[in-house]
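Dear colleague,

I am handing over the structure that we spoke about, and below it you will find an account of what turned up in it. Please read the notes with the structure open beside them.

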Amino acid sequence: LPFTTIDGYRLGSITKKDAVTKLNDAYKNSKLDIYLGDDKKPFVSPKFSELGAEVNTQNIVDSANYPFMLRLLPLSILWANLAYPDSHPTVKYNDKTDKYIDEKLMPSCKADPQNASLKSDNGKLVVVPSKSGGKCERSETASTVKKAIPDLSSQSAVRAKLTEIPPAIND
């Protein structure tokens with residue numbers, strides 16, 4: 001289909017097979033931000049290929065067609081590609097995903113609590129507030145990561161839940 005653009009990639013001048021290959025590579029090389037608890041910064045940002053994700057975009061490319069009825073409308077070739085349904089690639093995770101989670105994510109998936117304390121500030125004692133810690137559950141973290149779907153139009157992200165560990169000394 002001429003003028004076809006899927007997720008920002010112009011695919012109108014190539015075959016469907018080449019389009020699938022190009023999109024699969026783009027999705028595999030996109031990154032997944034993995035956040036722990038309420039953190040503002042991602043803990044890690046691996047590529048989907050590093051996670052062992054097998055991405056297939058055949059369904060997206062197949063949905064990009066130019067139906068006969070649209071061809072009868074004058075100038076429809078200029079806007080027909082806007083009528084495609086928004087779909088996502090199919091993603092399958094494998095043993096490499098579990099290995100990544102076990103080796104890279106789980107060993108550091110614990111935040112120690114910080115007790116409340118006092119510090120001196122211009123001759124006055126100021127309370128430094130306590131901060132709760134947390135710990136990830138392996139099965140829940142793996143389930144969360146394996147639900148991730150790559151997205152080329154925005155940054156893909158998941159948030160692993162932390163089981164709260166309260167500090168010994170509160171403020």
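A residue is called buried when its relative accessible area is under 20%, exposed when it is over 50%, and partly exposed in between. Ser45, at 31% relative accessibility, therefore counts as partly exposed. Please keep in mind throughout that this is a predicted model.

Ser45 is found in the loop between strands E3 and E4, the latter covering 54-56. Leaving aside residues up to four places away in sequence, Ser45 touches Lys31, Leu32 and Asp33. Although Ser45 and Leu32 are 13 residues apart along the chain, their C-alpha atoms are separated by 5.2 Å.

Leu32 leads on to the interior. The largest nonpolar core has 28 residues, and within this core Leu32, Ile34 and Val145 touch the most other members. At least two residues of this core are supplied by each of helix H1 (16-28), strand E3 (32-36), helix H2 (58-63), helix H4 (95-105), helix H5 (138-146) and strand E10 (156-160), and the largest share, 4 residues, comes from H1. Again leaving aside residues up to four places away in sequence, the contacts of Leu32 include Val44, Pro46, Phe48 and Leu51, and among them are also Val145, Ala148 and Val158.

Two of the helices that supply this core, H4 and H5, also pack against each other, at an angle of about 125 degrees and with their axes 11 Å apart. That angle makes H4 oblique to H5, and the crossing of the two helices is right-handed. On the H4 side the contact is made by Thr97, Asp98, Ile101, Asp102 and Leu105, while H5 contributes Arg138, Thr141, Ala142, Val145 and Lys146.

Finally, there is the matter of disulfides, for which the count comes to 1. The disulfide is formed by Cys109 and Cys136, whose sulfur atoms are 1.6 Å apart, and the link is left-handed, with -55 degrees about the S-S bond. The pair links distant parts of the chain, 27 residues apart, with Cys109 in the loop between H4 and strand E6 (110-111) and Cys136 in strand E9 (residues 133-136). Are these two cysteines buried or exposed? Cys109 has a relative accessible area of 2% and is therefore buried, and Cys136, with a relative accessible area of 4%, is buried as well.

With best regards

Definitions and conventions. Residues numbered from 1 in each chain as written. Predicted model: local features only at pLDDT ≥ 70, side-chain atom pairs only at ≥ 80, totals over all residues. Heavy atoms only, no water. Core = buried A, V, L, I, M, F, W, Y, C linked by side-chain atoms within 4.5 Å. Buried < 20%, exposed > 50% of the residue type's maximum accessible area, 1.4 Å probe, protein only. Contact = heavy atoms within 4.5 Å. Disulfide = S-S within 2.5 Å. Axes fitted to C-alpha atoms, helices over the stretch in contact; angles between N-to-C directions. Parallel < 35°, antiparallel > 145°, perpendicular 65-115°, else oblique. Left-handed = near helix turned anticlockwise from the far one by under 90°.
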